[in-house]
Amino acid sequence: MRLAPLFAALALGLAACGPAQETATPTTQQPVQIPEMYQARTDTGPNGEPIPIAAVRAAYLNDRNTRQQVPYNGTEAPGTIVVDPYARVLYHVQPGGQAMRYGVAVGRAGLTFEGRATIARKAAWPSWRPTDNMLRTEPQLYGQFAGGLPGGMQNPLGSRALYLYQGSVDTYYRIHGTLDPSSIGKATSAGCIRMFNQDVMDLFEDIPTGTEVIVRSRAESVRMEGPMEETPEGYVVPSAPVQPTLDPAAPAQVAAAPMQTAMMASAPVESAVPGGITDPYASMMAVPAATSVQPMLVNDPFASNDSFVSPVESAVPGQ
């Protein structure tokens with residue numbers, strides 16, 4: 001009869017030696033903070049209508065894509081725009097050895113021009129139409145846009161466009177907004193130089209017509225930015241330095257090969273074109289041009305009968 005109390009005491013003792021059960025405190029995940037400059041905006045459209053611009057998703061705002069002031073080691077005068085299509089950044093040079101750096105997307109047309117130009121025209125919510133050559137060579141793609149597209153959120157130029165000229169000659173090179181913010185920092189399916197709509201809107205306000213633009217060559221990009229390599233996500237980052245390795249046949253010798261610049265063509269980004277509108281650039285792959293095109297040598301490369309066909313998206317503004 002005395003065993004029952006003994007077993008009860010033993011059970012309580014064992015329970016006291018067991019791990020205590022703790023009540024887990026639920027953690028509340030803090031929402032990602034979008035910088036104010038990339039938050040949603042409402043702008044005035046080409047006909048005075050309000051146009052809402054969505055906030056840029058935090059996933060697209062990596063270090064190289066996010067607008068920021070950085071030290072600048074170039075020699076260009078303050079106010080100059082410097083485009084590096086290989087490092088996929090755009091600089092607005094500031095006084096005191098600084099520059100405002102923006103992330104950009106670049107397509108095949110963005111690699112067909114290098115050198116100096118001037119912003120001779122700026123347009124808010126620009127219209128767009130395919131060139132006659134585009135309609136003639138790819139009617140199945142561009143025929144639906146033969147009448148042009150008015151400015152707005154279904155227009156491939158986005159919220160703003162800056163048109164580059166050399167003297168009175170249009171270079172057919174554009175800096176503009178985008179329908180697809182996920183493309184910024186990548187080699188897109190086609191196009192010149194795309195920016196987040198918020199970035200190109202603010203840059204548009206900061207620079208006057210007549211601003212000088214310098215577009216770097218590949219060699220200039222490597223000299224100023226260093227070699228770049230593409231990540232699996234399609235972005236470019238500075239290449240890791242080459243680590244010297246010992247030659248087992250000659251331990252005293254160190255083999256070090258210079259890093260070569262490798263700009264890999266990525267697959268076209270997923271289109272963010274609103275439903276009912278086919279992305280007019282989706283069929284164009286982003287491949288580097290074999291040679292640089294000097295627009296000053298041609299008046300209208302799209303109207304000519306030679307072999308040059310540029311995939312630039314906004315050669316002829318809508319009438």
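Let's start with a single residue: R88 is buried, with a relative accessible area of just 3%, and anything under 20% counts as buried. Keep in mind that what you're looking at is a predicted model. You'll find R88 in the loop between β4 (81-84) and β5 (89-94). Its backbone is worth a look too, since phi of R88 is near 60 degrees, a positive value in a residue other than glycine.

R88 also takes us to our next stop, because V104 touches it, along with V89, L90, I184, G185, K186, I193, R194 and M195, leaving out residues up to four places away in sequence. V104 sits in the loop between β6 (98-103) and β7 (105-106), and with a relative accessible area of 0% it is buried. Now trace the chain from V104 to G185: that's 81 residues along the sequence, yet their C-alpha atoms are separated by 5.2 Å.

Time to zoom out to the sheet. It is an open sheet of 10 strands, and if you walk across it you meet β3-β6-β5-β4-β12-β8-β9-β10-β11-β7, with mixed pairing. At the edges stand β3 (68-71) and β7, each with a single partner strand, so one side of each has no neighbour in the sheet. In general, strands of a sheet pair through backbone hydrogen bonds, either parallel or antiparallel. Here, β8 (residues 115-124) and β12 run antiparallel and are joined by 4 bridges. If you want a spot to look at, R116 stands opposite I214 in β12.

Helix α4 packs on this sheet, touching β4, β5, β6, β8, β9 (160-166) and β10, and its direction makes about 55 degrees with that of β9. How many of the residues of helix α4 are buried? It's 7 of the 10 in residues 197-206, so the helix is largely enclosed by the rest of the structure. The buried ones are N197, Q198, D199, V200, M201, L203 and F204.

While we're on the strands, stop at Y172 in β10 (residues 169-176). Its phi is near 65 degrees, again a positive value in a residue other than glycine. Y172 is buried, with a relative accessible area of 12%.

So what fills the inside? In soluble globular proteins, nonpolar side chains tend to be buried together. The largest nonpolar core in this model has 22 residues, and those with the most contacts inside it are I81, V83, L90, Y173, I175, M195 and L203. Two or more residues each come from β4, β8, β9, β10, α4 and β12, and α4 gives the most, with 3 residues. Take L90 as an example: leaving aside neighbours within four places in sequence, L90 is in contact with I81, V82, V83, M100, R101, Y102, V104, I175, M195 and L203. Apart from this core lies another, of 10 residues, among them Y72, A99, M228 and V236.

Our last stop is R216, in the loop between β12 (212-215) and α5 (218-225). Is R216 buried or exposed? At 4% relative accessibility, it counts as buried. Which side chains does the side chain of R216 make polar contacts with? One is that of D84, at 3.0 Å, and another is that of E225, at 2.8 Å. Beyond its neighbours within four places in sequence, the residues in contact with R216 include Y72, V82, V83, P85, Y86, Y91 and E114.

Notes: Residues numbered from 1 in each chain as written. Predicted model: local features only at pLDDT ≥ 70, side-chain atom pairs only at ≥ 80, totals over all residues. Heavy atoms only, no water. Buried < 20%, exposed > 50% of the residue type's maximum accessible area, 1.4 Å probe, protein only. Polar contact = N/O pair within 3.5 Å; in protein donor to acceptor, adjacent residues only side chain to side chain. Contact = heavy atoms within 4.5 Å. Pairing = 2+ DSSP bridges. Axes fitted to C-alpha atoms, helices over the stretch in contact; angles between N-to-C directions. Core = buried A, V, L, I, M, F, W, Y, C linked by side-chain atoms within 4.5 Å.
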